[in-house]
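This briefing covers the cavities, the pocket, the sheets and one helix pair of a single protein model. Please read it beside the sequence and the structure shown here.

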Amino acid sequence: MRLFVDKLTHIDFSFLHPARGLVGETWQASVVLHGDLDDQGMVVDFGDVKKRIKRWLDEEVDHRLLIPEQSPCLSLKSDAQGYDFSWHYANHSIHSTCPTQAITLIDGTVITTDSVARWCMEKLLPEFPASVKKIELVFTPEHIEGPYYHYSHGLKKHRGNCQRIAHGHRSRIFIWRDGKLSNTDMETWAQRWQDIYIGTQEDRTTAQNPDNEGFRYRSEQGAFYLEVPQRQCYMIDTDSTIEFIAQHIAQTLKREHPESDFVVKAFEGIEKGAIAES
């Protein structure tokens, strides 16, 4: 017997890619459980499935940086305090030190929906009773018609896992100029923020690599340091909450086109975000 839950939850995270570097991403998660029926005539109660899998994904994958542990791009050291890694790709480099809970190491050479699903399925099966014989987990990007971008960031003031310096999202954007949806403005921001790291000015520090931007802060989970190529950074004067992001886009559009009025609906992953006007 198979039990399924489509679009059970979604995960927001960043990962390291051998050509693109640091990439923010959002995937929906669906699951199928293979097993025997219990005395209630169930494989597992739906509520139990949702609770166990969502809790595990929230703890082990969501708002983390996913790193393919077997990649030749990776140099990694770890101790009781956390991880220290470098990622060398396409004549560029990324370097970071951060607490252990900010990173998930995935067995493999690349991060894909399949490689992450395989790793998760192996870890998840022991979370269920013996009557569950197999778990199939499927990750899929949200279907987006229209412009979108991938961004990574960190929120040092956040009380939850958003404080991790390199987590991210795949996000759509809507922009109305003078009351009309503007595909031109939406495409401009999608291109401007393709695989971007949104950095906060007050977190800026000297990078070890002169071609990189460096960021450093301490939050409740510990000390964080990250440096990424300058070409992959976009600096703002505020923290990079979705509220400030929407505000920044709206204000920038107004400066660039003072004769027009704008409404910006910026998403943070799937079906959530902020609206700003200018």
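In this predicted model, the second largest cavity holds about 30 Å³ of space. Its lining is formed by Gly-154, Ile-165, Tyr-197, Ile-198, Gly-199, Thr-200, Asp-203, Phe-215 and Tyr-217. Strand 12 (196-200) and strand 14 (212-219) each give at least two residues to that lining.

**Cavities**

- Strand 12 provides the largest share of the lining of the second largest cavity, four residues.
- Sorted by class, the lining of the second largest cavity has five nonpolar, three polar and one charged residues.
- The structure contains two cavities of 30 Å³ or more, and the largest cavity has a volume of about 40 Å³.
- Around the largest cavity lie Leu-65, Ser-96, Cys-98, Ala-102, Ile-103, Arg-164, Ile-165, Ala-166 and Phe-224.
- The lining of the largest cavity divides into seven nonpolar residues, one polar and one charged.
- Ile-165 lines the largest cavity and also lines the second largest cavity.

**Largest pocket**

- The largest pocket encloses about 160 Å³ of space.
- Its lining consists of Lys-77, Ser-78, Asp-79, Gln-81, Gly-82, Tyr-83, Asp-84, Thr-97, Cys-98, Pro-99 and Ala-223.
- Strand 4 (74-79), strand 5 (82-89) and strand 6 (92-98) each contribute at least two residues to the lining of the largest pocket.
- By class, four nonpolar, four polar and three charged residues line the largest pocket.
- Cys-98 is one of the residues lining the largest pocket, and Cys-98 also lines the largest cavity.

**Six-stranded sheet**

- Six strands make an open sheet in the order 4-5-6-15-14-13, and their pairing is antiparallel.
- At the edges are strand 4 and strand 13 (204-205), each of which pairs on one side only.
- Strand 6 pairs with strand 15 (residues 222-229) in the antiparallel sense over three bridges.
- Leu-226 in strand 15 is the bridge partner of Ser-96, and Ser-96 is also among the residues lining the largest cavity.

**Five-stranded sheet and the helices on it**

- A further open sheet has five strands in the order 7-3-1-2-8, with mixed pairing.
- Strand 7 (103-106) and strand 8 (132-141) are the edge strands of this sheet, each pairing on one side only.
- From one strand to the next, the twist averages 40 degrees.
- Strand 3 (residues 65-68) and strand 7 are paired in the parallel sense over four bridges, and Pro-68 has Ile-106 of strand 7 as its bridge partner.
- Helix 1 (residues 46-60) packs on the sheet and touches strand 1 (2-17), strand 2 (21-35), strand 7 and strand 8. The direction of helix 1 makes about 5 degrees with that of strand 1.
- Helix 2 (residues 113-124) also packs on the sheet, touching strand 2, strand 3, strand 7 and strand 8. The direction of helix 2 makes about 150 degrees with that of strand 8.

**Helix 3 and helix 4**

- Helix 3 (residues 183-192) packs against helix 4 (residues 242-256) at an angle of about 115 degrees, and their axes are 13 Å apart.
- The crossing of these helices is right-handed.
- Helix 3 makes the contact through Asp-185, Trp-189 and Arg-192, while helix 4 uses His-248, Ile-249, Thr-252, Leu-253 and Glu-256.
- By class, the contact of helix 3 with helix 4 has three nonpolar, two polar and three charged residues.

Key. Residues numbered from 1 in each chain as written. Predicted model: local features only at pLDDT ≥ 70, side-chain atom pairs only at ≥ 80, totals over all residues. Heavy atoms only, no water. 1 Å grid on protein atoms, 1.4 Å probe; cavity = no way out; pocket = protein on both sides within 12 Å on 5 of 7 lines; lining within 4 Å. Points joined across faces, edges and corners; volume = space filled by probe spheres on them. Nonpolar A, V, L, I, M, F, W, Y, C, P; charged D, E, K, R; others polar. Pairing = 2+ DSSP bridges. Axes fitted to C-alpha atoms, helices over the stretch in contact; angles between N-to-C directions. Left-handed = near helix turned anticlockwise from the far one by under 90°. Contact = heavy atoms within 4.5 Å.
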